[in-house]
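Reader: I would like a close look at a single part of this model. Start with one residue, then show me the sheets and the packing in detail.

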Amino acid sequence: MSQEVRGVVAPGKDEPVRVETVLVPDPGPGEAVVKVQACGVCHTDLHYKQGGINDDFPFLLGHEAAGVVESVGPGTTEVEPGDFVILNWRAVCGQCRACSRGRPWYCFDTHNASQSMTLAGGSGGSGGGTKLSPALGIGAFAEKTLVAAGQCTKVDPDVDPAVAGLLGCGVMAGIGAAVNTGQVGRGDSVAVIGCGGVGDAAVVGARLAGASRVIAVDVDERKLRQAESMGATHTVDARSADVVEAIRELTGGFGADVVIEAVGRPETYEQAFYARDLAGTVVLVGVPTPEMRLELPLLDVFGRGGSLKSSWYGDCLPSRDFPMLIDLHKQGRLPLEKFVTERIALDEVEAAFDRMHAGDVLRSVVLF
């Protein structure tokens, strides 16, 4: 059996999204149907809409979400109906070489639901409709969605769903880039290049980890002020300053201990590389496009030492990190509410993409 819900579908490359009737099947073994309460509008959803991820249209967009488990399939042990959960797009397998070595955050065999959600009517696919490709295996711009049970992480229900859902992607990516990947320590200096949602989350993560100096870099004055409100101690306007020299000047002439690149472009990565101290760490959390290439003198890579890292989903382990971060938020130590710029309806997603592209919001959040 399937149930009909409303969902936001991207029908083709660069076409406007539209609200369609979606068929959600009953959960099979190891699957769960989640009644979505809130879902953030993430830049990755825009990438899907623009065809920047792949061309498996039509897409059911949305992935940064929280909600309540409605039903589970046979053999499901991770969650049960009634659980308040944050959805994640990397359900670890527990058996691959990374998991068996005690590093499940690097799991090489993450999985999603086996069944497909479909458009109502049409032909081909289960339920009699066109098969939908859920964004990052979630598809949460919908009243209900089908996911693998391992994609559900139970957290304290006494928290605003609009806030909790942000940990499902961008905020976790930024915090994790600082805490998990960059391993920022007490007294470290940190520079964050690119102060959108992920960059601001890296600022918050650096402060949580005890950084003494957090330098925010951007070309947008509004974003720099926002980064200050998140805890940045210094800002650099990249339109008028030499970014590398400015960061060095703010760190005693040495460079930052950790530089987090949250843009995903060769020119900003090069700035990050040269703005770190000797033996410092560069963390790439910004997502580049396939055609981008990086050229650095190999002697500089050797001579400067340190670490060049990429951060995939903040190297997070949802079962470990989500409950902890929700607890920190409830204690008043993690201002997740500052990331929510506006709360919108399902049919306002297309306009939210425009506001995001213009830099007018940190996060628009769809409420159900």
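**From one histidine to the open sheets**

Author: His47 counts as partly exposed, because its relative accessibility is 23% and the partly exposed class lies between under 20% for buried and over 50% for exposed. Keep in mind that this is a predicted model. His47 sits in helix 1, residues 43-49. Leaving out residues up to four places away in sequence, His47 touches Gly52 and Ile53. Ala135 is 88 residues from His47 along the chain, and their C-alpha atoms are separated by 10.0 Å.

Next, the five-stranded sheet. This open sheet runs in the order 7-2-1-4-8, with mixed pairing. Its edges are strand 7 (118-119) and strand 8 (133-134), each pairing on one side only. Inside it, strand 1 (residues 2-10) meets strand 4 (residues 59-60) in the antiparallel sense, over two bridges. Val9 has Leu60 of strand 4 as its bridge partner.

Now the six-stranded sheet. Here the order is 13-12-11-14-15-16, again open, and the pairing is parallel. Strand 13 (234-237) and strand 16 (307-310) are the edge strands, with pairing on one side only. From one strand to the next, the twist averages 20°. Strand 11 (residues 189-193) and strand 14 (residues 256-261) are joined in parallel by four bridges. Val190 is bridged to Val258 in strand 14. Helix 8 (residues 266-275) packs on this sheet, and touches strand 11, strand 14, strand 15 (276-284) and strand 16. The direction of helix 8 makes about 150° with that of strand 15.

Follow the sheet to its edge. Strand 15 and strand 16 are parallel partners, again over four bridges. Leu284 stands opposite Ser310 of strand 16. With helix 9 (residues 298-304), these two strands make a right-handed β-α-β unit.

Then the packing. In soluble globular proteins, nonpolar side chains tend to be buried together. In this model, the largest nonpolar core has 85 residues. Leu87, Phe141 and Ile260 have the most contacts inside it. Its largest share, six residues, comes from helix 4 (residues 170-181). Ile260 shows the link to that helix: its contacts include Ala177 and Ala178. Ile260 also touches Val190, Ala191, Val192 and Ile193, as well as Ala202, Val283 and Val285; neighbours up to four places away in sequence are not counted. Another core, of 18 residues, lies apart from the largest one and has Val217, Val244, Phe273 and Tyr274 among its members.

So how covered is helix 4? Mostly: 10 of its 12 residues are buried. The buried set runs from Gly170 through Val171, Met172, Ala173, Gly174, Ile175, Gly176 and Ala177 to Ala178, and adds Thr181. The elements covering these residues include strand 5 (64-72), helix 5 (197-208) and helix 10 (318-330). Strand 14, strand 15 and strand 16 of the six-stranded sheet are also among the covering elements. Just after helix 4, Gln183 takes a positive phi of about 50°.

Notes. Residues are numbered from 1 along each chain as its sequence is written. This is a predicted model: local features need pLDDT of at least 70, side-chain atom pairs count only at pLDDT 80 or more; totals for chains, interfaces and linings use all residues. Side-chain values use heavy atoms; hydrogens and water are left out. Two strands pair if DSSP finds at least two bridges between them. Axes are lines fitted to C-alpha atoms, for helices over the stretch in contact, and angles run from 0 to 180 degrees between N-to-C directions. Contact means heavy atoms within 4.5 Å. A nonpolar core is a set of buried Ala, Val, Leu, Ile, Met, Phe, Trp, Tyr and Cys residues joined through side-chain atoms within 4.5 Å. Buried means under 20% relative accessible area, exposed over 50%, partly exposed in between (1.4 Å probe, protein chains only). A crossover is right-handed if, with the strands pointing away from the viewer, the path from the first strand over the helix to the second runs clockwise.
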